Amino acid sequence: MKKSANQLIFAAGVLVIWEILALLKVWPPYLFPTPQGVAESLWDGFKDHSLWIGIVVSLRRVIIGYLISVVLGILLGMLLASNKFLEDSLGRVILGLQSLPSACWVPIALLWFGLSETAIIFVTITGSLLAVTQSTKAGFDNVPRILSMAGRNLGAKGPQMFWHVMLPASLPYLLDGLRQGWAFAWRSLITGEMIYISLGLGQILMTGRDLNDINLVVAVMILIALLGYVVDGVLFRRLDTSLRDKWGMATATSK
């Protein structure tokens, strides 16, 4: 309850400061919108269904790209953790590529796939894949050696060792990677949607820029941030809480 109250107080304070700055006209109205103007843009966008369409299209794309990056990232992370040669060679390349902003992949996406849906999903995958890979590798690297030894002593081999020992022990790292991967996928998607007219939120953001409509630009930015926050809060925080509770119970039981 106290946490929610603090968040409401902070949000109210931001709105008050925003309104005061808008009334003082420190910046011209075409550069600094009012809260009322942004609210009207949101209302109009939902009323004419353009924002609803943008949300549905963007979420569909990010889900496709994110799921592909999760599958590939987990497999690649497991390979790097289990093979010293790949870790020393490919692992270094992945570490270097991780520093590239998602916008750097846009020219390659355009050259390979043209102005297409595939290009947008490709940018989304590249933004998320490396984070999932690195976290998966870190998870398997940090599994206590005593757990794998105990698993072998109990007869666990191959798939049994993976499902019952390695995977549960690496889940905290893996969940962090999935969480980071989602954030990177969402950011990369918006970057990819700015490539061309694609009906997504990124394209609506560019439309606001082309029309010099600061109210629409800020409204879409708020919507993008809110959707990212909701997915992180509803899905990943609950998964994290559930995992920690189960991990704590398992630890207590083992003791």
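In the predicted model, E193 is buried, with a relative accessibility of 0%. This residue forms a salt bridge with R61, in which the closest N and O atoms are 2.9 Å apart. The pair links distant parts of the chain, since E193 belongs to helix 9 and R61 to helix 3, 132 residues apart. R61 is likewise classed as buried, because its relative accessible area of 3% falls under 20%.

A salt bridge also joins the side chains of R60 and E117, with an N to O distance of 2.9 Å. R60 is part of helix 3 and E117 part of helix 7, so this pair ties together parts that are 57 residues apart in sequence. R60 has a relative accessibility of 42% and therefore counts as partly exposed. E117, with a relative accessible area of 25%, is partly exposed. R60, R61, E117 and E193 are linked in a network of salt bridges. The whole structure contains 4 salt bridges. One of them is formed by the side chains of D210 and R209, at 2.8 Å from N to O; both D210 and R209 are exposed.

The largest nonpolar core comprises 25 residues, of which Y66, L178, W186, L201 and V220 touch the most other members. Two or more residues each are given to this core by helix 3 (50–82), helix 7 (117–141), helix 9 (159–193), helix 10 (201–210) and helix 11 (214–254). Helix 9 supplies the largest share, 8 residues. Another core, of 7 residues, lies apart from it and includes A109, A119, F122 and V123.

The surroundings of L201 were examined beyond four places in sequence. On that basis, L201 touches L51, G54, I55 and S58, as well as W186, I190 and E193. Its remaining contacts are with V220, L223, I224 and L227. The contacts of L201 thus include W186 and V220, which are also listed with L201 among the core residues that touch the most other members. E193, the salt-bridge partner of R61, is another residue touched by L201.

Aromatic pairs number 8 in the structure. W182 and W186 form one that is stacked, with 5.7 Å centre to centre and 15 degrees between the planes. Both residues lie in helix 9, 4 residues apart, or about one turn of the helix. W182 and W186 are both buried. A single aromatic cluster is formed by W105, W112, F113 and F122. F122 in this cluster is also among the residues of the 7-residue core.

Helix 1 covers residues 2–24, and its 23 residues should span 33 Å at 1.5 Å a residue; the end C-alpha atoms are 33 Å apart, so the two values agree. Just after helix 1, K25 adopts a positive phi of about 55 degrees.

G45 is located in helix 2. With a relative accessible area of 5%, G45 is buried. Its C-alpha atom is separated by 8.7 Å from that of L216, although the two residues are 171 residues apart along the chain. Leaving aside residues up to four places away in sequence, G45 touches S50 and L51. L51 is also one of the residues touched by L201.

K137 lies in helix 7. K137 counts as buried, at 13% relative accessibility. Outside the range of four places in sequence, K137 touches G77, L80, A81 and E87.

The mean pLDDT of the protein is 80, and 82% of its residues reach 70 or more. Confidence is highest in helix 2 (residues 35–47), at a mean of 91, and lowest in helix 8 (residues 145–153), at 61. Over residues 249–255, pLDDT stays under 50, and the model has 0 contacts for these residues beyond four places in sequence. Where pLDDT is low, predicted coordinates should not be read in detail.

Note on methods:
Residues are numbered from 1 along each chain as its sequence is written. Side-chain values use heavy atoms; hydrogens and water are left out. A nonpolar core is a set of buried Ala, Val, Leu, Ile, Met, Phe, Trp, Tyr and Cys residues joined through side-chain atoms within 4.5 Å. Buried means under 20% relative accessible area, exposed over 50%, partly exposed in between (1.4 Å probe, protein chains only). Contact means heavy atoms within 4.5 Å. Rings of Phe, Tyr and Trp (its six-membered ring) pair if their centres lie within 6.5 Å; planes under 30 degrees apart count as stacked, over 60 as edge-to-face and the rest as tilted. The expected span of a helix is 1.5 Å times one less than its number of residues. pLDDT is the predictor's confidence in each residue, from 0 to 100.
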